[in-house]
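Me: I'd like to learn how to read strand pairing and ring contacts in a model. Can you take me through one?

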Amino acid sequence: MSRRLADFAGAWRIARRIDDRRTGTMADLAGTATFSRDHAGLIHDEAGVLRLPGAAPLTATRRYLWRPAPGGIAVHFATGVPFHTFDPVARQPGARHDCAPDLYVVRYDFTGWPDWRVTWTVSGPRKDYNSTTAYRR
């Protein structure tokens with residue numbers, strides 16, 4: 001199935017599992033992701049409850065800008081700074097983001113579309129975790 005930027009518009013339920021290999025702990029987030037149209041593409045807003053071991057639940061939010069790009073979708077931080085670009089119709093969509101001294105590697109999985117997943121593998125001197133988010137309408 002061909003996926004375009006517009007196919008992501010709307011509201012999604014999200015469930016995220018964060019496996020911190022450095023500390024040996026797991027965290028979970030449950031919430032929503034909304035992809036709203038703007039003049040240049042989509043605004044991706046997330047809000048949810050983050051549950052960390054041994055801590056009270058926290059409200060977590062984040063925002064990204066999704067923009068059409070040659071060969072795919074460009075994801076920017078809320079400030080407009082580029083984050084990564086991926087091709088949603090590639091066989092194994094993914095990208096890398098070097099943020100020295102850390103490396104972020106992302107894999108998108110659209111095989112169950114319209115349900116989909118994003119898995120981040122993050123490594124660096126103080127970071128070693130996987131974060132997988134499932135999106136459902």
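Reply: We will go through the strands, then the rings. Keep in mind that this is a predicted model.

Me: Start with E1. With which strand does E1 pair over eleven bridges, and in which sense?

Reply: Look for the bridges between two strands, then the direction of each. Here strand E1, residues 10–20, pairs with strand E2, residues 25–38, in the antiparallel sense. To fix the register, take one bridge: Arg-16 has Leu-29 in E2 as its partner.

Me: What stands out in the hairpin of E1 and E2?

Reply: Check the backbone angles in the loop. Four residues lie between the strands, and Gly-24 takes a positive phi near 75°.

Me: Which strand is joined to E1 by eight bridges?

Reply: That is E10, residues 128–136, and the two run antiparallel. For the register here, find Asp-19, which stands opposite Asn-130 in E10.

Me: Now E9. Which strands does E9 pair with?

Reply: Take its partners in turn. Strand E8, residues 102–109, is joined to E9 by seven bridges, antiparallel. Val-105 has Thr-121 in E9 as its bridge partner. The hairpin of E8 and E9 has six residues between the strands. E10 is joined to E9 by eight bridges, again antiparallel. On that side, Val-118 is partnered by Thr-133 in E10. The hairpin of E9 and E10 has four residues between the strands.

Me: How do the side chains point along E9, residues 116–123?

Reply: Read the strand residue by residue and sort by face. The side chains alternate. Trp-116, Val-118, Trp-120 and Val-122 point to one face and are buried. Arg-117, Thr-119, Thr-121 and Ser-123 point to the other face and are not buried.

Me: On to the rings. How many aromatic pairs does the structure hold?

Reply: There are 22. Judge each pair by centre distance and plane angle. Take Tyr-108 and Phe-110: their ring centres are 5.9 Å apart and their planes meet at 15°, so the pair is stacked. The cut-off for stacking is under 30 degrees.

Me: Are Tyr-108 and Phe-110 buried or exposed?

Reply: Both Tyr-108 and Phe-110 are buried.

Me: Which residues do ring pairs link into a cluster?

Reply: Follow the pairs from ring to ring. The cluster takes in Phe-8, Trp-12, Phe-35, Trp-66, Phe-86, Tyr-108, Phe-110, Trp-113, Trp-116 and Tyr-135. Trp-116 is also one of the buried residues of E9.

Me: Which residue lies over the face of Trp-12?

Reply: Look along the ring normal for a charge. Arg-137 lies there, 3.7 Å from the ring centre of Trp-12.

Terms used:
Residues numbered from 1 in each chain as written. Predicted model: local features only at pLDDT ≥ 70, side-chain atom pairs only at ≥ 80, totals over all residues. Heavy atoms only, no water. Pairing = 2+ DSSP bridges. Phe/Tyr/Trp six-rings, centres within 6.5 Å; stacked < 30°, edge-to-face > 60°. Buried < 20%, exposed > 50% of the residue type's maximum accessible area, 1.4 Å probe, protein only. Lys NZ or Arg CZ within 6 Å of the ring centre and 35° of its normal.
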